[in-house]
Amino acid sequence: MKTNQSTVLVTGANRGIGKAFVEGFLAQGARKIYAAARKRSDLDAIVALDPKRIVPLVLDVTKPEQVEAAAKVAADVNLLINNAGVATFGTATEISQADLKKDLEVNYFGLIQVTQAFVPVIEKNGGGGIANVLSVVSLVGFPSIAGYSASKAAAWSFTQSLRADVAKRHIKVFSIYPGPIDTDMAKDFPMDKTPPSHVAQEVIQGIEKGAEDIFPDPMSKQFYAAWKADHKAAEKQFAG
């Protein structure tokens, strides 16, 4: 899929990987970018990057009425980047029901709501792409973020089902599996992290090449190789 001259919607665009996606698509030559976040004021700095091509969009992915309104406003989108996400800390036996529901509402149900709203939009515009930002923990759970891992694993499963469902509508589905990225979400993880700009560029290149599964940083590439070789060993490594 060619991303230059495309019309893109990026959820969670106000910071981190979302902000890097906006910057990356600008550099790639996107015709228009809808930058979505829960608060309009959080998007001021993003819109300032290119007020002619960046359109701010108030969107809480957990609120159906906002998702529906966004699909009407951004009716020319042909590439959706499902990036909005949250992560709460807690092991499988410690995580509260409230935190578990928060992870699932945003990372799983929110992704589904936005996707279902925009599939008809993308199809109407002649087809295009949907890229779901998952995580390496979609494949192997990380014990200290059990709710986040579960929500991303559920999103991975949904993404596979989606890919088969929308292929006949000329919509390509991309799965993105980052490792630790240098963002606010990952600030409490004591490990090396990849700059968001690198991740965004790798993802854009993967979309251009039509790669269904994109591992956009060194750690995720190493993990995928280990997981393919012996997924139980990879599970035990994460557990340690």
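Which residues is threonine 194 in contact with, leaving aside its neighbours within four places in sequence? The tour of this predicted model returns to that question at its last stop.

**Stop 1: the sheet**

Select the strands. They form an open sheet of seven, in the order 3-2-1-4-5-6-7, with parallel pairing. At the edges stand strand 3 (54-58) and strand 7 (213-214); each has a single partner strand, so one side of each is left without a neighbour in the sheet. In general, strands of a sheet pair through backbone hydrogen bonds, either parallel or antiparallel.

**Stop 2: strands 5 and 6**

Select residues 128-133, which make up strand 5, and display strand 6 beside them: the two run parallel and are joined by six bridges. Two residue pairs serve as landmarks here. Isoleucine 130 stands opposite valine 173 of strand 6, and valine 133 has isoleucine 176, also in strand 6, as its bridge partner. Next, colour residues 171-176 by accessibility. Five of the six residues of strand 6 are buried, so that the strand is mostly covered.

**Stop 3: helix 5 against the sheet**

Add helix 5, residues 146-166. This helix packs on the sheet and touches strand 5, strand 6 and strand 7. The direction of helix 5 makes about 160 degrees with that of strand 6.

Within helix 5, pick alanine 150. Is this residue buried, partly exposed or exposed? Alanine 150 counts as partly exposed, because its relative accessibility is 37%, and the partly exposed class lies between the cut-offs of 20% and 50%. For a distance check, select leucine 139 as well: the C-alpha atoms of alanine 150 and leucine 139 are separated by 9.7 Å, and the two residues are eleven apart along the chain.

**Stop 4: helix 4 against helix 5**

Now bring in helix 4, residues 97-124. Its axis and that of helix 5 are 7 Å apart, and the helices pack at an angle of about 15 degrees. Helix 4 is therefore roughly parallel to helix 5, a description that applies to angles under 35 degrees. Their crossing is right-handed.

To view the contact, show side chains on both helices. Helix 4 contributes Leu100, Asp103, Leu104, Asn107, Tyr108, Leu111, Ile112, Thr115 and Val119. These meet Gly147, Tyr148, Ser151, Lys152, Ala154, Ala155, Phe158, Leu162 and Val166 in helix 5. By class, the contact of helix 4 with helix 5 has twelve nonpolar, four polar and two charged residues.

**Stop 5: helix 3 against helix 4**

Keep helix 4 on display and select residues 64-73, which form helix 3. The axes of helix 3 and helix 4 come within 9 Å and cross at roughly 20 degrees. This angle makes helix 3 roughly parallel to helix 4, and the crossing is right-handed. On the helix 3 side, look for Pro64, Val67, Ala70 and Ala71; they meet Gln113, Val114, Ala117, Phe118 and Val121 in helix 4. The contact of helix 3 with helix 4 has eight nonpolar residues, one polar residue and no charged residues.

**Stop 6: threonine 194**

Finally, centre the view on threonine 194, in the loop between strand 6 and helix 6 (196-209). With a relative accessible area of 10%, threonine 194 is buried. Leaving aside neighbours within four places in sequence, threonine 194 is in contact with Pro180, Ile181, Asp182, Val199, Asp217 and Pro218.

Definitions and conventions: Residues numbered from 1 in each chain as written. Predicted model: local features only at pLDDT ≥ 70, side-chain atom pairs only at ≥ 80, totals over all residues. Heavy atoms only, no water. Axes fitted to C-alpha atoms, helices over the stretch in contact; angles between N-to-C directions. Helix = DSSP H or I, 4+ residues; strand = E, 2+ residues; numbered from the N terminus. Parallel < 35°, antiparallel > 145°, perpendicular 65-115°, else oblique. Left-handed = near helix turned anticlockwise from the far one by under 90°. Contact = heavy atoms within 4.5 Å. Nonpolar A, V, L, I, M, F, W, Y, C, P; charged D, E, K, R; others polar. Buried < 20%, exposed > 50% of the residue type's maximum accessible area, 1.4 Å probe, protein only. Pairing = 2+ DSSP bridges.
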